[in-house]
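Biologist: Please give me a close look at one part of this model, and at whatever is in contact with it. State the cut-off for each term where you use it.

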Amino acid sequence: MSPNLLILAGTTEAAALARAVVQAGLSGTVSFAGRVERLPPQPLPQRVGGFGGVEGLAAYLRAHRVTHVIDATHPFAARMSANAIAACAQTGVPLVALTRAPWAPVPGDRWIRVCDIAGAVAALERPAARVMLAVGRMHLAEFAPNPQHFYLLRLVEAPKEAFPFPDHHVVVDRGPFSAQADRCLMEGHDISLVVSKNSGGTGAYAKIAAARALGLPIIMIDRPAQAPRAEVESVEAVLDWVAHASTALGV
């Protein structure tokens, strides 16, 4: 049986992996959570939506005879990653995570590190500031306890819901962005503080470089803890893993 991959997507690395899989002559499916309506086109068949927890994902792996799972979700998609670990353990399907190395502060950075979103909310319990809130649409409501700030929100799609901030501005745009463009954005809105997840990678790093250039502090949210799993940091390493896992499985 030829390899049949399931790529749990949501990052630029997932898109690059899908292209490499096609070029290598392999088969697979790219799965999106469905939180964004305008999904980028994929060279592989794609599915959208959740699986229904661990049992639903395990059933999908069996029904579609998936031979390998690659978790290329966002580093903060902790629940999906945990479900993948459990479902692959239950079904015996090999799993690897295509991960990004987290960012690390460099000279000139002014990081205020917090453990989670709740820690970032607590760190904003301060006098009114002009905040670039770069945490993704799903977490914005959690910052409602601090309505004293102006919030600059950059989203990939126009919002359909109202935000619990009396003073905010929404920019609809899709990265990657440049450090110069992000510096202009911050200067144009007189930003004095940035809140960011430690996503890692290059696509979202522009705001970190821009904040450094402007001398702005960043409330940096650490990644959620994850259970042990195999991890690689390049598309090439994923393909090597597939080849070795396939040999071990007799695929």
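Modeller: Val 114 has Ile 221 of strand 11 as its bridge partner. That pair belongs to the junction of strand 6 and strand 11 (residues 217-221), two parallel strands joined by five bridges. Strands pair if DSSP finds at least two bridges between them. Strands (E, at least two residues) and helices (H or I, at least four) are DSSP runs, numbered from the N terminus.

The model is predicted, and local features need pLDDT of at least 70, side-chain atom pairs count only at pLDDT 80 or more, and totals for chains, interfaces and linings use all residues. Residues are numbered from 1 along each chain as its sequence is written, and side-chain values use heavy atoms, with hydrogens and water left out.

The sheet that holds this junction is open, with six strands in the order 6-11-10-7-8-9 and parallel pairing. Its edges are strand 6 (110-114) and strand 9 (168-172); each has a single partner strand, so one side of each lacks a neighbour in the sheet. From one strand to the next the twist averages 20 degrees.

Helix 5 packs on this sheet and touches strand 7 (130-134), strand 8 (150-155), strand 9 and strand 10 (193-197). Contact here means heavy atoms within 4.5 Å. The direction of helix 5 makes about 150 degrees with that of strand 8. Angles run from 0 to 180 degrees between N-to-C directions, and axes are lines fitted to C-alpha atoms, for helices over the stretch in contact.

Helix 5 (residues 179-188) also packs with helix 6 (residues 206-214): their axes come within 8 Å and cross at roughly 60 degrees. That angle makes helix 5 oblique to helix 6. Under 35 degrees counts as roughly parallel, over 145 as roughly antiparallel, 65 to 115 as roughly perpendicular, and the rest as oblique. The crossing of helix 5 and helix 6 is right-handed; that is, the near helix is turned clockwise from the far one by less than a right angle, whereas anticlockwise would be left-handed. On the helix 5 side the contact residues are Ala 179, Asp 182, Arg 183, Met 186 and Glu 187. They meet Ala 206, Lys 207, Ala 209, Ala 210, Ala 211, Ala 213 and Leu 214 of helix 6. By class, the contact of helix 5 with helix 6 has eight nonpolar, no polar and four charged residues. Nonpolar covers Ala, Val, Leu, Ile, Met, Phe, Trp, Tyr, Cys and Pro, charged covers Asp, Glu, Lys and Arg, and the others, Gly among them, are polar.

The loop between helix 5 and strand 10 contains Asp 190. Asp 190 has a positive phi near 55 degrees although it is a residue other than glycine. Most residues other than glycine have a negative phi. Asp 190 counts as exposed because its relative accessibility is 55%; exposed means over 50% relative accessible area, buried under 20% and partly exposed in between (1.4 Å probe, protein chains only).

Another parallel arrangement centres on strand 4. Strand 1 and strand 4 run parallel and are joined by four bridges, with Leu 5 opposite His 68 of strand 4. Strand 4 also pairs in the parallel sense with strand 5 (residues 95-98), over three bridges, and there Asp 71 stands opposite Ala 97. His 68 and Ile 70 point one way from strand 4, Val 69 and Asp 71 the other way, and all are buried.

Strand 4 (68-71) is among the elements that cover the buried residues of helix 2, which also include strand 1 (4-8), strand 2 (27-32), strand 3 (46-48) and helix 3 (78-91). Those buried residues of helix 2 (residues 53-63) are Gly 56, Leu 57, Ala 58, Tyr 60 and Leu 61. The axes of helix 2 and helix 3 come within 8 Å and cross at roughly 55 degrees, which makes helix 2 oblique to helix 3. This crossing of helix 2 and helix 3 is right-handed. Their contact divides into nine nonpolar, four polar and two charged residues. Arg 65 lies in the loop between helix 2 and strand 4 and has a positive phi of about 50 degrees although it is not a glycine. Arg 65 is exposed, with a relative accessible area of 61%.
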